[in-house]
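Colleague: I am new to this structure. Please take me closely through the empty spaces in the fold and the parts that surround them.

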Amino acid sequence: MKNWARALTIGVGIAAAGAALAPSNASAADKYPSRPIEFIVPWGPGGGADQLARLTGKLLEPEIGTSVPVVNVPGATGGTGMAKLLAAPADGYSMAIYIADSHALLAGPEPRWQMDDITPVAVMIQGPSFIFVADNSRFKSWADFEKEAKEKPGTLKVATLGFGSVDDYTLRYLEGKGIKVVQVPFSKPSERYVSILGGHADALYEQAGDVGQFLKSKQMRPLIIFGEKRHPDFPDTPSSYELGYEVALPQFRSIVVRSGTPEEHVKVLSEGLAKVAATEEFKKFLSDQFADPNSFIDASHAGEFIKKQLEDMKKLAGAKS
C-alpha cells in the first residue's frame with residue numbers, strides 16, 4: 001500500500017507540474033518569431049537582390065526581435081533558391097527575395113513552381129529597366145542602336161540575366177518589332193555589369209540602381225528606359241512608349257514565404273517590413289536605386305500586384321509583334 005500510495009502521489013505531482021507548465025509552453029510556442037529567420041537570396045552576392053536583403057534584414061531585426069541571417073543560393077534564374085524555400089517548413093522561419101526575373105519563369109512552358117506555392121509578404125522595391133552602353137560606345141543614342149540592329153539583325157550582343165527572365169521577354173518583344181539582338185546571359189551580376197566595359201557585349205539590360213556606381217563614374221550611360229515616361233534622373237533618355245514600343249515590365253523585388261505559413265506570422269513580417277520601408281535609411285536606398293519612392297506594398301495587396309505582373313508577362317510572352 002505504501003508503494004502504491006507513493007506512486008500515486010508522485011504521479012499526481014507530475015501531472016500537476018505538467019498542468020502548471022502547459023500554459024507557459026503554449027505561450028512560448030505561440031510567440032513568433034522565437035528563433036532566427038533564414039533570409040534566402042536566390043542570387044549571388046553583390047547584386048540588387050542581395051543588397052536589398054542585407055539592408056532589409058539589418059533593419060528588420062530590431063523590429064521583430066530576432067536575427068535575420070542572409071543566405072545566398074544562386075542558380076537557375078532564382079530557381080535554386082526558390083527550391084530551398086519551398087523545401088522548408090511553412091512556418092515563417094524561411095523567407096526569400098522574389099524578383100520579377102524569377103517570377104517571369106512562371107510565364108514559361110514548364111514552371112517549377114506556381115503562384116499558389118508562395119505567399120507574398122511585401123513588395124519592397126519597384127523600378128524601371130534600361131538598356132545601357134559603355135560611355136565610349138559608338139552608339140550615341142537609341143536611334144543609333146536601333147538602326148544597326150535592324151540593318152544587321154542578330155549581330156549586336158546584349159548582356160542579360162538569362163533566358164525566361166524579364167530581360168528575355170522584353171528583348172523578344174523588340175525582336176518582333178524588327179530589333180533582333182543576341183542575348184549573352186551572365187548569372188553573376190558583376191560579370192554582367194562589366195561585360196559592356198570590356199567589350200564582351202554591346203549593351204546591357206539592367207536597372208539603374210544596380211549599376212549606379214558605373215553611372216556616377218560616367219562609365220555607362222542609358223539609351224532607353226522601358227516605361228510610359230522618362231525618368232527624372234535621366235531626362236534625356238527616351239521612354240519605350242514614346243518610341244512606339246509598348247513594353248514596360250518593371251523590375252520589382254519582393255519578399256515571399258512558403259504558402260501555408262500561418263497568417264499571423266505573415267502579418268508580423270509584413271508589419272515589420274512596413275516599418276523598415278518607413279525608415280530614412282531605406283528611403284535613401286530607394287533613391288540610390290532610382291526606384292519608385294512609393295514602392296512598398298504590404299501583404300494585403302502584394303499578392304494582387306504580383307499576379308498582375310504575371311498576367312502582363314504571359315501576354316508579352318505570347319505576343320508575336
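Modeller: Start with a term. A pocket is an open set of grid points with protein on both sides within 12 Å along at least five of seven lines, and its lining residues have an atom within 4 Å of a point. A cavity differs in that a 1.4 Å probe fits inside but cannot get out. Keep in mind that this is a predicted model. Rolling a probe the size of a water molecule over the atoms shows where empty space is left.

Take the second largest pocket. It holds about 330 Å³ of space. Its lining has 17 residues. Nearest its centre lie Met-220, Arg-221, Pro-222, Phe-234 and Thr-237. Two elements, H8 and S9, give two or more residues to this lining. Strand S9 gives the most, with 4 residues. By class, the lining has 9 nonpolar, 2 polar and 6 charged residues.

Now look between those two elements. The loop from helix H8 (212–216) to strand S9 (220–226) contains Lys-218. Its phi is positive, near 60°, and it is not a glycine. Is Lys-218 buried or exposed? Lys-218 is exposed, with a relative accessible area of 63%.

Compare another loop residue. Thr-77 sits between strand S2 (70–72) and helix H3 (79–87). Thr-77 also has a positive phi, about 50°, without being a glycine. But Thr-77 is buried, at a relative accessible area of 15%.

Strand S9 leads on to the largest pocket. About 690 Å³ of space lies there. Its lining counts 24 residues. Phe-226, Gly-227, Glu-228, Ala-248 and Pro-250 lie nearest the centre. S4, S9 and H11 each supply at least two lining residues. Helix H11 has the largest share, 4 residues. The classes here are 12 nonpolar, 5 polar and 7 charged.

Follow H11 inward. The largest nonpolar core has 46 residues, and Tyr-98, Trp-142 and Phe-145 touch the most other members. Helix H11 (residues 299–318) gives the most to this core, with 6 residues. Leu-310 lies in H11. Its relative accessibility is 10%, so it counts as buried; the cut-off for that is under 20%. Setting aside residues up to four places away in sequence, Leu-310 touches His-103, Leu-106, Ala-107 and Met-115. Leu-310 and Leu-106 are 204 residues apart along the chain, and their C-alpha atoms are separated by 7.4 Å. Leu-106 also touches Tyr-98. Other contacts of Tyr-98 include Met-82, Trp-113, Phe-252, Arg-253 and Ile-306.

Arg-253 brings us to the closed spaces. How many cavities of 30 Å³ or more are there? The count comes to 2. The largest has a volume of about 140 Å³. It is lined by 19 residues, and Ile-99, Leu-161, Arg-192, Asp-210 and Arg-253 are the closest to its centre. H2, helix H7 (189–194), strand S8 (203–207) and strand S10 (251–258) each supply at least two residues of this lining. The lining divides into 7 nonpolar, 5 polar and 7 charged residues.

The second largest cavity holds about 80 Å³. Its 13 lining residues include Ile-125, Gly-127, Pro-128, Gln-207 and Gln-289, which lie nearest its centre. S4 and S10 are the elements that give two or more residues to this lining. Strand S4 gives the most, with 3 residues. The classes are 6 nonpolar, 6 polar and 1 charged.

Strand S4 (118–127) has another job to note: it is among the elements that cover the buried residues of H10. Helix H2 (48–64) and helix H9 (263–277) are also part of that cover. In helix H10 (residues 280–288), the buried residues are Phe-282, Phe-285 and Leu-286. Their arc around the axis is only 100°, which puts them on the same side of H10. The face turned away carries the exposed Glu-280 and Lys-284. After H10 comes Phe-290, whose phi is positive, near 60°.

Notes:
Residues numbered from 1 in each chain as written. Predicted model: local features only at pLDDT ≥ 70, side-chain atom pairs only at ≥ 80, totals over all residues. Heavy atoms only, no water. Buried < 20%, exposed > 50% of the residue type's maximum accessible area, 1.4 Å probe, protein only. Arc of directions from axis to C-beta. Contact = heavy atoms within 4.5 Å. Core = buried A, V, L, I, M, F, W, Y, C linked by side-chain atoms within 4.5 Å. 1 Å grid on protein atoms, 1.4 Å probe; cavity = no way out; pocket = protein on both sides within 12 Å on 5 of 7 lines; lining within 4 Å. Points joined across faces, edges and corners; volume = space filled by probe spheres on them. Nonpolar A, V, L, I, M, F, W, Y, C, P; charged D, E, K, R; others polar.
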